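Colleague: I've got a model open and a list of terms I don't fully trust yet. Could you walk me through them?

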Amino acid sequence: MTTLSDQLHLHPEQLSAYWMPFTANRQFKQAPRLLARADGMWYWTDDGRQVLDGFAGMWCCNAGHNRKPIVEAIQKQAGILDFAPPFQMAHPLAFDLANRIKAIAPEGLDHVFFCNSGSEAVDTALKIALAWHRIRGEGTRTRFIGRERGYHGVGFGGISVGGMVANRKMFGNMLGNVDHLPHTLNLSQNAFSRGEPKWGDHLADELERLVTLHDASNIAAVIVEPVAGSTGVLPPPQNYLKRLRDITRKHGILLVFDEVITGFGRLGQAFAAQHFGVTPDMITFAKGVTSGTVPMGGVIASSEIHDAFMVGPPHMVEFFHGYTYSAHPLACASGIATLQLYEDDGLFGRAREMSSYFEDALHSLRDAKHVIDVRNLGLMGAVELAPREGMPTARAFDAFLKAFDKGVLIRTTGDIIALSPALIVEKEHIDRIVTTIRDVLATVE
Ligand code: PLP
(Lines give C-alpha, C1' and ligand atoms only; values in the text may rest on other atoms or scores of the structure.)
Protein backbone atom coordinates (compact mmCIF):
# COMPACT_ATOMS: atom_id res chain seq x y z
CA MET A 1 0.00 0.00 0.00
CA THR A 2 1.02 3.64 -0.43
CA THR A 3 1.54 5.00 3.03
CA LEU A 4 1.15 8.59 4.13
CA SER A 5 4.92 8.73 4.60
CA ASP A 6 5.35 7.65 0.98
CA GLN A 7 2.97 10.38 -0.14
CA LEU A 8 4.91 12.93 1.89
CA HIS A 9 8.21 11.51 0.62
CA LEU A 10 9.29 10.88 4.22
CA HIS A 11 12.31 8.75 3.48
CA PRO A 12 14.77 7.97 6.28
CA GLU A 13 17.05 10.93 5.57
CA GLN A 14 14.05 13.26 5.94
CA LEU A 15 13.33 12.20 9.50
CA SER A 16 16.06 14.21 11.15
CA ALA A 17 14.46 17.68 10.76
CA TYR A 18 11.92 16.83 13.44
CA TRP A 19 13.73 16.78 16.81
CA MET A 20 11.28 14.65 18.77
CA PRO A 21 10.37 15.39 22.42
CA PHE A 22 11.13 12.89 25.20
CA THR A 23 12.13 10.37 22.53
CA ALA A 24 15.16 8.21 21.80
CA ASN A 25 15.48 10.01 18.43
CA ARG A 26 18.17 7.76 16.92
CA GLN A 27 16.41 4.54 17.88
CA PHE A 28 13.05 5.87 16.65
CA LYS A 29 14.34 6.99 13.29
CA GLN A 30 15.86 3.57 12.64
CA ALA A 31 12.39 2.01 12.91
CA PRO A 32 9.73 4.76 13.09
CA ARG A 33 6.42 4.08 14.77
CA LEU A 34 4.04 6.30 12.83
CA LEU A 35 0.35 6.71 13.53
CA ALA A 36 -1.89 7.80 10.70
CA ARG A 37 -5.43 7.81 12.09
CA ALA A 38 -7.51 6.97 15.13
CA ASP A 39 -11.05 6.04 16.07
CA GLY A 40 -12.60 5.06 19.39
CA MET A 41 -10.11 2.82 21.24
CA TRP A 42 -7.92 2.30 18.17
CA TYR A 43 -5.01 3.74 16.28
CA TRP A 44 -3.99 2.75 12.76
CA THR A 45 -0.33 2.86 11.91
CA ASP A 46 0.94 4.47 8.76
CA ASP A 47 1.26 1.03 7.17
CA GLY A 48 -2.31 0.13 8.07
CA ARG A 49 -1.91 -1.94 11.24
CA GLN A 50 -4.59 -1.59 13.94
CA VAL A 51 -3.27 -0.82 17.43
CA LEU A 52 -5.36 -0.81 20.61
CA ASP A 53 -4.72 2.37 22.60
CA GLY A 54 -4.09 1.37 26.20
CA PHE A 55 -2.98 4.85 27.16
CA ALA A 56 -5.66 7.30 25.87
CA GLY A 57 -3.02 8.81 23.60
CA MET A 58 -0.94 10.11 26.50
CA TRP A 59 -3.35 10.18 29.48
CA CYS A 60 -5.49 12.61 27.51
CA CYS A 61 -8.04 11.24 25.00
CA ASN A 62 -10.50 10.36 27.76
CA ALA A 63 -13.53 10.30 25.45
CA GLY A 64 -11.75 8.04 22.94
CA HIS A 65 -10.55 9.09 19.51
CA ASN A 66 -12.34 10.87 16.69
CA ARG A 67 -15.54 11.53 18.61
CA LYS A 68 -17.99 13.16 16.25
CA PRO A 69 -19.43 15.92 18.50
CA ILE A 70 -15.92 17.12 19.35
CA VAL A 71 -14.63 16.93 15.78
CA GLU A 72 -17.66 18.81 14.46
CA ALA A 73 -17.39 21.51 17.12
CA ILE A 74 -13.76 22.16 16.22
CA GLN A 75 -14.48 22.18 12.48
CA LYS A 76 -17.41 24.54 12.89
CA GLN A 77 -15.52 26.92 15.16
CA ALA A 78 -12.58 27.16 12.74
CA GLY A 79 -14.96 28.65 10.17
CA ILE A 80 -16.60 31.10 12.58
CA LEU A 81 -13.91 32.67 14.74
CA ASP A 82 -10.37 31.44 14.22
CA PHE A 83 -8.74 33.61 16.88
CA ALA A 84 -9.66 36.32 19.34
CA PRO A 85 -7.06 38.28 21.30
CA PRO A 86 -7.31 37.21 24.94
CA PHE A 87 -5.85 40.35 26.53
CA GLN A 88 -8.46 43.11 27.07
CA MET A 89 -10.73 41.18 24.65
CA ALA A 90 -12.56 37.86 24.75
CA HIS A 91 -15.14 35.68 23.03
CA PRO A 92 -18.28 34.08 24.48
CA LEU A 93 -17.07 30.47 24.39
CA ALA A 94 -14.33 31.25 26.93
CA PHE A 95 -16.93 32.22 29.52
CA ASP A 96 -19.15 29.27 28.64
CA LEU A 97 -16.30 26.78 29.10
CA ALA A 98 -15.14 28.43 32.35
CA ASN A 99 -18.69 28.14 33.71
CA ARG A 100 -18.90 24.49 32.70
CA ILE A 101 -15.60 23.72 34.41
CA LYS A 102 -16.70 25.62 37.51
CA ALA A 103 -19.93 23.60 37.55
CA ILE A 104 -18.08 20.26 37.81
CA ALA A 105 -15.19 21.49 40.00
CA PRO A 106 -15.19 21.04 43.79
CA GLU A 107 -17.32 23.59 45.59
CA GLY A 108 -15.50 26.85 46.20
CA LEU A 109 -13.20 26.54 43.19
CA ASP A 110 -14.98 29.06 41.02
CA HIS A 111 -12.51 30.82 38.71
CA VAL A 112 -10.68 29.43 35.70
CA PHE A 113 -7.49 30.86 34.18
CA PHE A 114 -6.76 29.33 30.76
CA CYS A 115 -3.43 28.41 29.18
CA ASN A 116 -2.30 25.77 26.66
CA SER A 117 -0.64 22.87 28.45
CA GLY A 118 -0.05 21.21 31.77
CA SER A 119 3.37 22.81 32.09
CA GLU A 120 1.90 26.27 31.63
CA ALA A 121 -0.89 25.43 34.08
CA VAL A 122 1.66 24.54 36.74
CA ASP A 123 3.75 27.68 36.22
CA THR A 124 0.55 29.74 36.25
CA ALA A 125 -0.55 28.22 39.57
CA LEU A 126 2.87 28.88 41.12
CA LYS A 127 2.72 32.51 39.97
CA ILE A 128 -0.82 32.93 41.32
CA ALA A 129 0.38 31.58 44.67
CA LEU A 130 3.33 33.99 44.86
CA ALA A 131 1.24 36.97 43.78
CA TRP A 132 -1.60 36.11 46.16
CA HIS A 133 0.65 36.04 49.20
CA ARG A 134 2.27 39.30 48.12
CA ILE A 135 -1.07 41.07 47.62
CA ARG A 136 -2.04 40.04 51.12
CA GLY A 137 1.13 41.47 52.55
CA GLU A 138 2.86 38.12 53.06
CA GLY A 139 5.49 38.58 50.37
CA THR A 140 8.03 36.49 52.27
CA ARG A 141 6.09 33.38 51.32
CA THR A 142 8.13 32.45 48.26
CA ARG A 143 9.16 28.83 48.88
CA PHE A 144 7.37 25.96 47.16
CA ILE A 145 7.16 22.40 48.40
CA GLY A 146 6.87 19.66 45.77
CA ARG A 147 7.30 15.92 46.17
CA GLU A 148 9.86 13.37 45.07
CA ARG A 149 8.64 11.52 41.98
CA GLY A 150 6.26 14.35 41.17
CA TYR A 151 5.91 15.41 37.54
CA HIS A 152 4.71 18.92 36.89
CA GLY A 153 5.73 19.45 33.30
CA VAL A 154 8.84 20.97 31.82
CA GLY A 155 8.74 24.70 32.60
CA PHE A 156 11.47 25.94 34.96
CA GLY A 157 8.85 26.12 37.72
CA GLY A 158 7.53 22.65 36.99
CA ILE A 159 10.91 20.92 36.93
CA SER A 160 11.95 22.70 40.12
CA VAL A 161 8.94 21.55 42.14
CA GLY A 162 8.94 18.23 40.29
CA GLY A 163 10.77 15.20 41.52
CA MET A 164 11.61 13.37 38.31
CA VAL A 165 15.33 12.85 38.58
CA ALA A 166 16.13 12.74 34.84
CA ASN A 167 14.34 16.07 34.32
CA ARG A 168 16.19 17.72 37.19
CA LYS A 169 19.62 16.31 36.33
CA MET A 170 20.24 18.50 33.30
CA PHE A 171 18.57 21.71 34.46
CA GLY A 172 18.80 21.65 38.24
CA ASN A 173 16.34 23.58 40.32
CA MET A 174 16.23 27.01 38.68
CA LEU A 175 13.51 28.24 41.02
CA GLY A 176 15.89 27.71 43.92
CA ASN A 177 13.47 28.25 46.74
CA VAL A 178 12.05 24.76 46.74
CA ASP A 179 11.92 21.72 48.99
CA HIS A 180 10.38 18.29 48.57
CA LEU A 181 8.22 15.88 50.50
CA PRO A 182 9.22 12.22 50.29
CA HIS A 183 7.38 10.12 47.73
CA THR A 184 5.01 7.49 49.03
CA LEU A 185 5.99 4.34 47.13
CA ASN A 186 7.45 1.66 49.38
CA LEU A 187 7.31 -1.80 47.87
CA SER A 188 8.33 -3.49 51.11
CA GLN A 189 5.13 -2.12 52.69
CA ASN A 190 2.76 -1.64 49.80
CA ALA A 191 3.54 -3.93 46.85
CA PHE A 192 0.44 -5.16 45.02
CA SER A 193 -1.90 -2.77 46.84
CA ARG A 194 -5.30 -2.50 45.27
CA GLY A 195 -6.22 1.17 45.18
CA GLU A 196 -4.85 3.42 47.92
CA PRO A 197 -2.18 1.69 50.00
CA LYS A 198 -2.83 1.27 53.71
CA TRP A 199 0.67 2.20 54.78
CA GLY A 200 2.21 5.63 54.48
CA ASP A 201 -0.14 8.44 55.48
CA HIS A 202 2.37 9.48 58.16
CA LEU A 203 4.60 10.66 55.28
CA ALA A 204 2.34 13.72 55.02
CA ASP A 205 3.71 14.77 58.43
CA GLU A 206 7.07 15.39 56.76
CA LEU A 207 5.46 18.69 55.81
CA GLU A 208 5.48 19.66 59.49
CA ARG A 209 9.23 19.01 59.51
CA LEU A 210 9.72 21.27 56.46
CA VAL A 211 7.59 23.96 58.07
CA THR A 212 9.76 23.77 61.18
CA LEU A 213 12.89 24.01 59.02
CA HIS A 214 11.85 26.89 56.76
CA ASP A 215 9.09 28.51 58.84
CA ALA A 216 5.55 28.81 57.49
CA SER A 217 6.05 32.54 56.86
CA ASN A 218 8.41 31.60 54.02
CA ILE A 219 6.29 28.92 52.34
CA ALA A 220 3.85 29.83 49.56
CA ALA A 221 2.37 26.52 48.46
CA VAL A 222 2.57 22.75 48.37
CA ILE A 223 1.99 21.16 44.98
CA VAL A 224 1.30 17.46 44.47
CA GLU A 225 -0.39 15.23 41.97
CA PRO A 226 -3.20 13.47 43.89
CA VAL A 227 -1.99 10.29 42.15
CA ALA A 228 1.52 10.69 40.76
CA GLY A 229 1.18 9.62 37.13
CA SER A 230 4.22 10.08 34.95
CA THR A 231 6.68 8.49 37.38
CA GLY A 232 4.64 5.31 37.40
CA VAL A 233 1.16 5.62 38.96
CA LEU A 234 1.61 6.11 42.70
CA PRO A 235 -1.80 6.20 44.42
CA PRO A 236 -1.54 8.13 47.70
CA PRO A 237 -1.73 6.20 50.97
CA GLN A 238 -5.18 6.24 52.56
CA ASN A 239 -5.81 9.52 54.37
CA TYR A 240 -2.50 11.05 53.15
CA LEU A 241 -4.08 13.89 51.16
CA LYS A 242 -6.42 14.79 54.03
CA ARG A 243 -3.42 15.10 56.31
CA LEU A 244 -1.64 17.33 53.79
CA ARG A 245 -4.75 19.50 53.61
CA ASP A 246 -4.93 19.84 57.39
CA ILE A 247 -1.27 20.80 57.71
CA THR A 248 -1.31 23.32 54.85
CA ARG A 249 -4.44 24.95 56.23
CA LYS A 250 -3.00 25.14 59.73
CA HIS A 251 0.04 27.04 58.43
CA GLY A 252 -1.63 29.31 55.85
CA ILE A 253 0.09 27.44 52.99
CA LEU A 254 -1.79 27.03 49.71
CA LEU A 255 -2.40 23.49 48.47
CA VAL A 256 -2.31 22.90 44.70
CA PHE A 257 -3.49 19.61 43.19
CA ASP A 258 -1.91 19.02 39.80
CA GLU A 259 -4.78 17.21 38.10
CA VAL A 260 -3.39 17.29 34.57
CA ILE A 261 -3.83 13.51 34.46
CA THR A 262 -6.43 12.86 37.15
CA GLY A 263 -8.84 15.57 35.98
CA PHE A 264 -11.87 14.82 33.80
CA GLY A 265 -12.87 11.39 34.94
CA ARG A 266 -9.75 9.27 35.26
CA LEU A 267 -10.71 8.30 38.85
CA GLY A 268 -14.45 8.19 38.13
CA GLN A 269 -15.20 11.75 39.25
CA ALA A 270 -14.63 15.03 37.46
CA PHE A 271 -11.54 15.62 39.63
CA ALA A 272 -9.48 13.50 41.99
CA ALA A 273 -10.21 16.12 44.68
CA GLN A 274 -13.78 14.83 44.70
CA HIS A 275 -12.70 11.19 44.73
CA PHE A 276 -10.54 11.82 47.81
CA GLY A 277 -12.94 14.30 49.43
CA VAL A 278 -10.15 16.85 49.77
CA THR A 279 -10.49 20.35 48.30
CA PRO A 280 -7.25 22.16 47.47
CA ASP A 281 -6.94 25.90 46.89
CA MET A 282 -6.10 25.45 43.22
CA ILE A 283 -6.37 22.67 40.64
CA THR A 284 -4.25 22.59 37.51
CA PHE A 285 -5.71 20.79 34.49
CA ALA A 286 -4.98 20.11 30.79
CA LYS A 287 -5.19 16.93 28.64
CA GLY A 288 -8.75 15.63 29.24
CA VAL A 289 -10.37 19.05 29.09
CA THR A 290 -10.41 18.73 25.30
CA SER A 291 -9.94 14.95 25.28
CA GLY A 292 -6.53 15.66 23.77
CA THR A 293 -7.89 17.20 20.58
CA VAL A 294 -6.68 20.80 20.90
CA PRO A 295 -3.98 21.97 23.32
CA MET A 296 -5.47 23.56 26.41
CA GLY A 297 -4.68 23.81 30.10
CA GLY A 298 -5.72 25.93 33.01
CA VAL A 299 -5.92 26.65 36.72
CA ILE A 300 -9.10 26.58 38.78
CA ALA A 301 -8.71 28.88 41.78
CA SER A 302 -10.79 29.47 44.86
CA SER A 303 -12.82 32.65 45.21
CA GLU A 304 -10.64 33.60 48.16
CA ILE A 305 -7.62 33.66 45.85
CA HIS A 306 -9.33 35.25 42.85
CA ASP A 307 -11.12 37.94 44.83
CA ALA A 308 -7.93 39.09 46.52
CA PHE A 309 -6.66 40.20 43.09
CA MET A 310 -9.80 42.22 42.28
CA VAL A 311 -8.69 45.37 44.07
CA GLY A 312 -7.06 48.64 43.08
CA PRO A 313 -8.02 51.00 40.23
CA PRO A 314 -10.51 49.12 38.01
CA HIS A 315 -8.74 50.07 34.76
CA MET A 316 -5.53 48.32 35.91
CA VAL A 317 -4.59 44.77 34.91
CA GLU A 318 -4.87 42.72 38.11
CA PHE A 319 -2.55 39.82 37.28
CA PHE A 320 0.36 40.25 34.89
CA HIS A 321 0.20 36.87 33.28
CA GLY A 322 -1.37 35.19 30.24
CA TYR A 323 -0.66 33.61 26.86
CA THR A 324 -1.48 34.59 23.27
CA TYR A 325 -3.47 31.38 23.04
CA SER A 326 -5.20 31.52 26.45
CA ALA A 327 -8.82 30.44 25.85
CA HIS A 328 -8.20 29.92 22.12
CA PRO A 329 -11.57 29.65 20.34
CA LEU A 330 -10.83 26.18 18.88
CA ALA A 331 -9.76 24.87 22.28
CA CYS A 332 -12.85 26.36 23.92
CA ALA A 333 -15.15 24.87 21.27
CA SER A 334 -13.51 21.51 21.79
CA GLY A 335 -13.65 21.82 25.59
CA ILE A 336 -17.36 22.63 25.57
CA ALA A 337 -18.15 19.71 23.25
CA THR A 338 -15.90 17.39 25.28
CA LEU A 339 -17.49 18.21 28.64
CA GLN A 340 -20.93 17.82 27.06
CA LEU A 341 -19.94 14.41 25.68
CA TYR A 342 -18.57 13.29 29.07
CA GLU A 343 -21.96 14.18 30.53
CA ASP A 344 -24.14 12.78 27.72
CA ASP A 345 -22.32 9.45 27.70
CA GLY A 346 -21.92 9.32 31.48
CA LEU A 347 -18.21 8.67 31.00
CA PHE A 348 -17.05 9.52 34.52
CA GLY A 349 -19.53 6.96 35.85
CA ARG A 350 -18.30 4.45 33.27
CA ALA A 351 -14.75 4.92 34.52
CA ARG A 352 -16.02 4.19 38.04
CA GLU A 353 -17.84 1.07 36.87
CA MET A 354 -14.94 -0.30 34.84
CA SER A 355 -12.33 0.35 37.49
CA SER A 356 -12.88 -2.88 39.45
CA TYR A 357 -12.66 -5.00 36.28
CA PHE A 358 -9.52 -3.09 35.34
CA GLU A 359 -8.11 -3.67 38.84
CA ASP A 360 -8.76 -7.42 38.76
CA ALA A 361 -7.35 -7.77 35.26
CA LEU A 362 -4.22 -5.83 36.11
CA HIS A 363 -3.58 -7.74 39.33
CA SER A 364 -3.86 -11.01 37.40
CA LEU A 365 -0.38 -10.03 36.13
CA ARG A 366 1.03 -10.43 39.63
CA ASP A 367 2.59 -13.78 38.70
CA ALA A 368 3.75 -12.71 35.21
CA LYS A 369 7.47 -12.82 34.53
CA HIS A 370 9.58 -9.91 35.89
CA VAL A 371 6.64 -8.31 37.76
CA ILE A 372 7.47 -6.86 41.19
CA ASP A 373 4.41 -4.66 41.72
CA VAL A 374 0.98 -3.86 40.34
CA ARG A 375 -0.75 -0.61 41.31
CA ASN A 376 -4.06 0.93 40.28
CA LEU A 377 -6.70 3.53 41.00
CA GLY A 378 -9.69 4.36 38.83
CA LEU A 379 -8.57 3.83 35.24
CA MET A 380 -4.89 4.40 36.01
CA GLY A 381 -2.64 1.42 36.46
CA ALA A 382 1.00 0.35 36.54
CA VAL A 383 2.94 -2.87 36.33
CA GLU A 384 6.46 -2.51 37.70
CA LEU A 385 9.20 -4.80 36.44
CA ALA A 386 12.47 -5.81 38.01
CA PRO A 387 15.14 -3.93 36.05
CA ARG A 388 17.52 -5.83 33.81
CA GLU A 389 20.88 -6.21 35.53
CA GLY A 390 23.00 -3.13 34.76
CA MET A 391 20.49 -1.77 32.20
CA PRO A 392 17.67 0.06 33.95
CA THR A 393 14.65 0.89 31.73
CA ALA A 394 15.74 -1.51 28.93
CA ARG A 395 13.36 -4.31 29.89
CA ALA A 396 10.26 -2.11 30.00
CA PHE A 397 11.24 -0.37 26.76
CA ASP A 398 11.56 -3.76 25.05
CA ALA A 399 8.13 -4.67 26.37
CA PHE A 400 6.74 -1.44 24.93
CA LEU A 401 8.21 -2.19 21.49
CA LYS A 402 6.99 -5.77 21.50
CA ALA A 403 3.49 -4.79 22.66
CA PHE A 404 3.31 -2.25 19.84
CA ASP A 405 4.30 -4.97 17.36
CA LYS A 406 1.51 -7.09 18.79
CA GLY A 407 -1.01 -4.27 18.32
CA VAL A 408 -1.26 -2.69 21.78
CA LEU A 409 0.00 0.77 22.74
CA ILE A 410 1.24 0.99 26.31
CA ARG A 411 3.60 3.51 27.90
CA THR A 412 6.68 2.91 29.94
CA THR A 413 8.54 5.07 32.38
CA GLY A 414 11.68 3.66 33.92
CA ASP A 415 10.90 -0.05 34.34
CA ILE A 416 7.20 0.59 34.84
CA ILE A 417 4.42 -0.09 32.35
CA ALA A 418 1.71 2.55 32.76
CA LEU A 419 -1.86 2.20 31.55
CA SER A 420 -4.70 4.70 31.26
CA PRO A 421 -7.29 3.57 28.74
CA ALA A 422 -9.97 5.95 27.48
CA LEU A 423 -13.10 6.00 29.63
CA ILE A 424 -15.01 4.26 26.81
CA VAL A 425 -12.89 1.13 27.30
CA GLU A 426 -14.73 -2.23 27.17
CA LYS A 427 -13.87 -5.39 29.08
CA GLU A 428 -12.54 -7.10 25.95
CA HIS A 429 -10.11 -4.22 25.40
CA ILE A 430 -8.81 -4.61 28.95
CA ASP A 431 -8.46 -8.36 28.42
CA ARG A 432 -6.50 -7.82 25.23
CA ILE A 433 -4.17 -5.28 26.86
CA VAL A 434 -3.47 -7.56 29.83
CA THR A 435 -3.02 -10.71 27.73
CA THR A 436 -0.62 -8.89 25.45
CA ILE A 437 1.43 -7.62 28.40
CA ARG A 438 1.59 -11.13 29.86
CA ASP A 439 2.72 -12.62 26.52
CA VAL A 440 5.27 -9.89 25.98
CA LEU A 441 6.74 -10.23 29.48
CA ALA A 442 7.16 -13.94 28.90
CA THR A 443 9.44 -13.20 25.96
CA VAL A 444 11.46 -10.14 27.04
CA GLU A 445 14.82 -10.82 28.56
N1 PLP B 1 1.48 17.95 35.28
C2 PLP B 1 1.20 16.64 35.26
C3 PLP B 1 0.66 15.98 36.49
C4 PLP B 1 1.41 15.90 34.10
O5 PLP B 1 1.15 14.58 34.09
C6 PLP B 1 1.87 16.55 32.95
C7 PLP B 1 2.10 15.79 31.71
O8 PLP B 1 1.97 14.60 31.64
C9 PLP B 1 2.16 17.90 33.03
C10 PLP B 1 1.94 18.59 34.20
C11 PLP B 1 2.70 18.63 31.84
O12 PLP B 1 1.73 18.74 30.87
P13 PLP B 1 2.15 19.16 29.37
O14 PLP B 1 2.93 18.04 28.81
O15 PLP B 1 0.81 19.39 28.71
O16 PLP B 1 2.93 20.43 29.48
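What follows is a chat about the helix pairs, the domains and the ligand shell.

Modeller: Happy to. Keep in mind that this is a predicted model.

Colleague: Let's start with helix packing. Why is α4 called roughly antiparallel to α14?

Modeller: Look at the angle. The axes of α4 (residues 68-80) and α14 (residues 329-344) cross at roughly 155 degrees and come within 8 Å. Angles over 145 count as roughly antiparallel, so α4 is roughly antiparallel to α14. The crossing of this pair is right-handed, by the way.

Colleague: Which residues of α4 and α14 actually meet?

Modeller: On the α4 side you'll find P69, I70, A73, I74, Q77 and A78. Across from them, α14 brings P329, L330, A333, S334, I336, A337, T338, Q340 and L341. Sorted by class, that contact has 11 nonpolar and four polar residues, with no charged ones.

Colleague: And what makes α16 and α17 oblique to each other?

Modeller: Same kind of check. Helix α16 (residues 394-405) and helix α17 (residues 427-443) have axes that cross at roughly 125 degrees, coming within 9 Å. Roughly perpendicular covers 65 to 115, and roughly antiparallel starts over 145. The value for α16 and α17 fits neither, and it isn't under 35 degrees, so the pair is oblique.

Colleague: What is the hand of that crossing, left or right?

Modeller: α16 passes α17 in a right-handed crossing. The residues that meet are A399, K402 and A403 from α16, with T436, I437, V440, L441 and T443 from α17. That contact comes out as five nonpolar, two polar and one charged.

Colleague: How do you know that K402 is the charged one?

Modeller: Lys counts as charged, along with Asp, Glu and Arg, and K402 is the Lys listed on the α16 side.

Colleague: Does α14 turn up again? Which residues does α5 bring to it?

Modeller: From α5 (residues 92-104), L93, A94, D96, L97 and R100 meet P329, C332, A333, G335, I336 and L339 in α14. These two helices pack at an angle of about 35 degrees, with axes 9 Å apart, and α5 passes α14 in a left-handed crossing. By class, the contact has eight nonpolar, one polar and two charged residues.

Colleague: Now the big picture. How is the protein divided into domains?

Modeller: Domain 1 is 33-63 + 346-443, and domain 2 is 70-344. Their C-alpha centres lie 26 Å apart.

Colleague: How many residues of each domain are in contact with the other?

Modeller: There are 32 from domain 1 against 30 from domain 2. On the domain 1 side, α15 gives the largest share, seven residues. That side divides into 16 nonpolar, 10 polar and six charged.

Colleague: Last one, the ligand. What surrounds it?

Modeller: A shell of 14 residues, the closest being S117, G118, S119, G153 and V260. Helix α6 (residues 118-135) gives the most to that shell, with three residues. The shell has five nonpolar, seven polar and two charged residues.

Colleague: Why is G118 counted as polar?

Modeller: That's just the sorting rule: Gly is placed among the polar residues, so G118 counts as polar.

Conventions: Residues numbered from 1 in each chain as written. Predicted model: local features only at pLDDT ≥ 70, side-chain atom pairs only at ≥ 80, totals over all residues. Axes fitted to C-alpha atoms, helices over the stretch in contact; angles between N-to-C directions. Helix = DSSP H or I, 4+ residues; strand = E, 2+ residues; numbered from the N terminus. Left-handed = near helix turned anticlockwise from the far one by under 90°. Contact = placed C-beta atoms within 7 Å. Near = placed C-beta within 6 Å. Domains from an automatic or database assignment.
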